[in-house]
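Biologist: Could you show me how to read chain contacts and nonpolar cores in a model like this one?

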Amino acid sequence: MSVLVVLILLPLIAAALMLLLDAQATPTRARWSALLATLATVGVSFAVASQYTALTTDVKSPSEKSINPRMELRHEWLTLAPSTPAGTPTKFEFYLGVDGISVAMILLTTVLCVSAVLVSWTAVTERASEFYAALLILEAGLLGVFCSFDLLLFYVFFEFTLIPLFFLVGIWGGPLRKYAAGKFFIYTLGGSLITLLGLVSLSLMVHQETGLDTPFSIPDLAQTLLHHRLSVPVQTTLFLMIAAGFMVKVPLFPFHTWLPLAHVEAPTAGSVLLAGVLLKLGSYGFLRLVLPMLPDACRVTGTPLIATLSVIGIIYGSLCALSQNDIKKLVAYSSVAHLGFCMLGLFALNVEGITGGVLQMINHGLSTGALFCLVGMFYERYHTRQLSELGGMATRLPRLGVLMVFTVFASIGLPGLNGFVGEVLALAGMFKVDLMYAALGALGVVLGAWYLLGVLQKAFFGPVQLPHAHDGHDEDVPDLNAREVLALAPLLAMCLYLGLFPQALIDLIRPDVEAVANVYKMTATPNTTVAVGERQP
Amino acid sequence: MSWLNENVLWLIPAAPLLACLWIVVAGQFFRREKAHQPVVFGLIVSWLCALYLLFSVVPGTFPKGDHGEHDSHAAAGGAVTYFVYDWFHVGTVTEQPTSMTHGQAQVDGGGLGVRVELRADAMSSLMLVMVTTVSLLVAIFASGYMHGDPGYPRFFGALSLFVFSMCMLVLASNFLLLFVFWEAVGLCSYLLIGFWFHKPSAAAAAKKAFVVNRIGDFGLILGIFMIWTTFGTLEFDRILADPELIKQLVLAQPGIFTTICLLLFIGAVGKSAQFPLHVWLPDAMEGPTPVSALIHAATMVTAGVYLVARCAPLFMHSPFALQIVAGVGAATALIAAITALTQNDLKRVLAYSTVSQLGYMFMSLGAAGADPEHLMQPAVTFAMFHMFTHAFFKAVLFLSAGSVMHAMGDVIDMRRFSGLRKALPITWVTFLAGSLALAGVPLLSGFWSKDEILAVLHRAAQTETHGTYYTVILCVALLVAFMTAFYTFRAYYLTFHGPEVFPPEAGHHPHDASPSMALPLYILGAAALLIGLATGPTHLYGHYLHHTPGLPVPTVSHAAAEGAHAAAEHGHDWFMMLTSSVLAIGGIAVAYLMYGSHRGAAGVKDNASPLVKFSLNGLYLDELYLAFIVKPLRSLAEVSELFDRMVIDQIVDGVALIPGFVASIIRPIQNGLVQHYAFVMLLGLAAGMVWMLQSLTGLN
Amino acid sequence: MTAELQSQLVVGAILFVLGAIGFLTRRNLILMMLSAELMLHGVAVNLTAFGRYHGNASGQVFTIFVLTIAACEAGLALALILGLYQRRKSLDVHLWGNLGEPDLPQMSAEEGGRMAPQHPADMPTLTPAGRMPNSPVVPSNTKI
């Protein structure tokens, strides 16, 4: 059995076992089982990574194809007979594989899941068994998305992740959890349905026009579209349809309003995975499906549209973050801004930009994941996240303070920590394409420093000010314990490592990023089927 | 010696880095009281290495020992490099010099790559010596000054991290690496300004410093991107050391160099606290005084000057940018000097004086705008030289102020003490030495460097093209020279003369500097007095600096010009010398007349005149920014937040209401009564049948 | 079409319409079931009439099927009705509005539709058609 199947099934089976055999488990037993399961998944993901690197050591030059999955596992599971006797059959496949980008995302997912389990250790005591099962199911779904190379399989996993997160937010969330869960679910689902429509019509169109018998296989589809380019209006329509769901998921301005709400109401583990991995599904979707398949639309419509929305998102998200009183909401808005950088890089459509975008995906997962962990730990102690009620926490909880300062600096892109390289590459890539977008985006870096350092200044520095509920009996609030430090340590260590040695990650993703960027070099000549006038954005 | 030649470069930053790591890993937990030891040791290593580098990087200038034959890895053009590792590279980074097609550097093939590589030439060696010397002395001073503070190891950890970052900034071999450490010194500055983070003012000042610096960094990074898209590389060696390439690019894209230079200059404005971004520096005095001396006077804030001097080959081609540099420098010098006139806080006087002196350096750099061909080299030389002397005399002034603060129980308001001459003799002597040097009293350090700047401005003012503009700047410079002497000595007289008054915080017997604090004070005081004389009129500094590869060499058109040039370069501008001496002594005299025999606190009672208030509040610039930038931005943030909740989210919820609305119309059918369902079914059936019959009859 | 067939079809249609009206207007579950049976038999008359008209047996075969099914269905339906009765102690169909939208007004609210009978009876009683009686017509202990 392929290691990829193991990777996806392991958390799923663990969850099933927890639910079926041990539904009445004590919280202790549930959390230990979940920890074991996530750690085992980390182990499997390392195995995937090492197998992958062993496979690709000899590959140096970008290949002709725009998407090159390795460790493929293809099974036909349905073949539709051709509608006309002369036509080709339509094959649906179960198609797993990984490339460099997905390996990076898989590692991020498995590591974040361990942290998610660790931060929920004492925070979740009610229905613990079900909580951890939902977490594991979510992990399986996320891993499935990153391993899928079949459109339908991809879409199924993409939507599947909503279900466990819906329950995580709706059952273990804050006071407005039901509203938040419903809104998040329906909003993203609504967007994704348009995406599904776009994906299916793209496949069918390619199937009818070129007779491709596997129109749902992502690499085959991309390969065909590279040589058989659709006309620009068709591409643009498909682009807008497919982008709809991903834009909500990323989220780009103005489709972001579900995010702050969902973050504020979600339990810490939910926030960590939501910010850390789930949002990346949107940008990953753009990178995997939109960029290689619809090059002309990306160039003509995508860059101006997405870059404009990203820049607005960066500045607007930063401004919204600036006026927040709730730390968690502030971090949520900062996600909007950070993902703006990511999208800005991806839609630069060159190697620098796309590399920067992918790095930003990983980096944002690490640093914002860590930030949400820290906010959760903080909330567990003082039961408030209001900046106005807090002060001098670095004096009161020095360890938390130090880690917070570190994470904040990672998040605002201090060189030497992870955020910087991604931001610089994304902005540099965009700078090559359009100076104004890059300049406005860079403005967000200034605002980022302002609001995040504002959190430090208000809540962590200054004289000690405790929430009203804790007046006078504060001595029993302990600093971070070993378990909490362990939850953060891998994230922060990776922040530092990727800041100092980003080349390791860049080398991992390079062949695949270059392959995508190569599409834009190859298609740089105008599409012959299009009149000149139509190419004006 | 051979080993040293190859490894001296990395030892300079590595020693403080190791000290920092030691403190982070172990120093916090044991031997907390001795946390300064590894740092001082590391800094001694750095300092020795920097000195060694100074004598080895430019062979031929100085008599060299037996190591001459090992300079094999000295790169062409007098730079030494040490490759550490490849930080990252994306795309195909070409190693060959940029190819030219159609007069434009070929960028498309070139990716973005950054190598962590140390590169030293004459300019960086001089900077390194200055940085390590001052750091070492400040660290020794701090070991006494910070004694007993609960954050003692944290202080030294951040301090050594700063020295590491600063050395790396100076040693960076490409623009992006420079940017990395440009931000890293900003981080250290943040950590050290906010060292006493439980004070709200310190926390606010730290944030302000970082955010204002980020505004500068915003310009710098865009400038770097533009250099990258123009040159296709970020390596100093390939951009700055190749005048031919630059000339070709200037011909191809004339406007772009002005843009690049102005963007780079925005970075310099932020880091070097120039108008309009200077507002963070006075607030930064919330940090411990040794930090103010090291970071906010001697080293970090001079990074902007270093950047512009380093990029002189680019600035050469944009006289307009240089004129902006000069104008901003002049405005800053004037504004800061006016503000310094009335400050009551001793450290703030020195802070504004730092801003003002940095403005001086930029004036000097900008002077080249009148005639870049001939004036670039002296302009850069004198700016760097002023930076060099300024580091020493400003450090001693700050450390003396720190010593006063230490003795006065952390009181730094000059209205609350006076006549400290007797109580603090060591501090008095060293402060006086620093003041004399800063005021520009003849033959002391400040005199030589300031005089050279005035001389180069004088030459700029004599050019035909931009003479008037530079005459104005020269006048500003002279005025600032006078004001500098005045406010320095105002502070001196208020602090050390007059009746002996101590604040209650000081206790009964204020104690003077302890030996560990006195030693750096003496050394720096001596340097403040003598280093200018030793290196200025002898041209040791200038000639050494001229070995910097890429630094423009004045082109000589004909013999007559050569004579004039030689005279101007090697001779002295006696007229300017005389003027500046008179101004300096005049300033001191006025200060003496006004404050020399003041009667303690009464001498500086709150003067309500609007002019004084105007000066005291720094021309109300902070208030202006608050009212016109910060508050509107905050309001905009509030509006955005409201807009998000009230408009965007409401639209989303509104869209979500549509299905509900449609449902509310057809819902009543679903009332749960079997008969209603049956009735509807029957109706449906009837309708179906009618339709079927109709279509059947239609067929017929 | 012969007159014979026509009159037979009219009988079937009358039976069907009667059944339909009964089903739509009765509130008693048993009566509703009887009405449904009536509709079924209206159809059955149609089938036999057409069978005779075409001169083959398939119409009658169908009718036999319908009768058989109707018998099974009656057994099942009565069992279900009995089950429903055990729950609510009444045969009023308006008590079973569970499929309706919860926030809509009850159609039979003015007659106290959802109220359980005052005197629960052990066995089903036939209530008069259409209206809820004020008191049970048959004493509660009477068996039918």
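Modeller: Gladly; we will take the interfaces and then the cores, bearing in mind that this is a predicted model.

Biologist: How many residues of chain B are in contact with chain A?

Modeller: In general, the size of an interface is often given as the accessible area lost when the parts come together. Here we can count residues in contact: 39 residues of chain B meet 43 residues of chain A.

Biologist: Which element gives the largest share of the side of chain B that touches chain A?

Modeller: That is α6(B), with 14 residues. The elements that give two or more residues to this side are β2 (79-90), α5 (175-193), α6 (200-231) and α25 (621-666) of chain B. By class, the side of chain B that touches chain A has 25 nonpolar, six polar and eight charged residues.

Biologist: And what does chain C touch on chain B?

Modeller: Twelve residues of chain C are in contact with eleven of chain B. On the chain C side, seven are nonpolar, four polar and one charged.

Biologist: Now the cores, please. Where do I start?

Modeller: In soluble globular proteins, nonpolar side chains tend to be buried together. In this model, the largest nonpolar core has 467 residues, and those with the most contacts inside it include L135(A), M363(B) and A367(B). Helix α16 (residues 372-407) of chain B provides the largest share of this core, 21 residues.

Biologist: What is A367(B) in contact with, leaving aside its neighbours within four places in sequence?

Modeller: Its contacts include A326(B), L375(B), A379(B), V456(B) and Y470(B). There is also a second, separate core of seven residues, among them F23(C), L31(C), L91(C) and V93(C).

Conventions:
Residues numbered from 1 in each chain as written. Chains lettered and ligands numbered in written order. Predicted model: local features only at pLDDT ≥ 70, side-chain atom pairs only at ≥ 80, totals over all residues. Contact = placed C-beta atoms within 7 Å. Nonpolar A, V, L, I, M, F, W, Y, C, P; charged D, E, K, R; others polar. Helix = DSSP H or I, 4+ residues; strand = E, 2+ residues; numbered from the N terminus. Core = buried A, V, L, I, M, F, W, Y, C linked by C-beta atoms within 7 Å. Buried ≥ 20, exposed ≤ 12 C-beta atoms within 10 Å, placed from the backbone.
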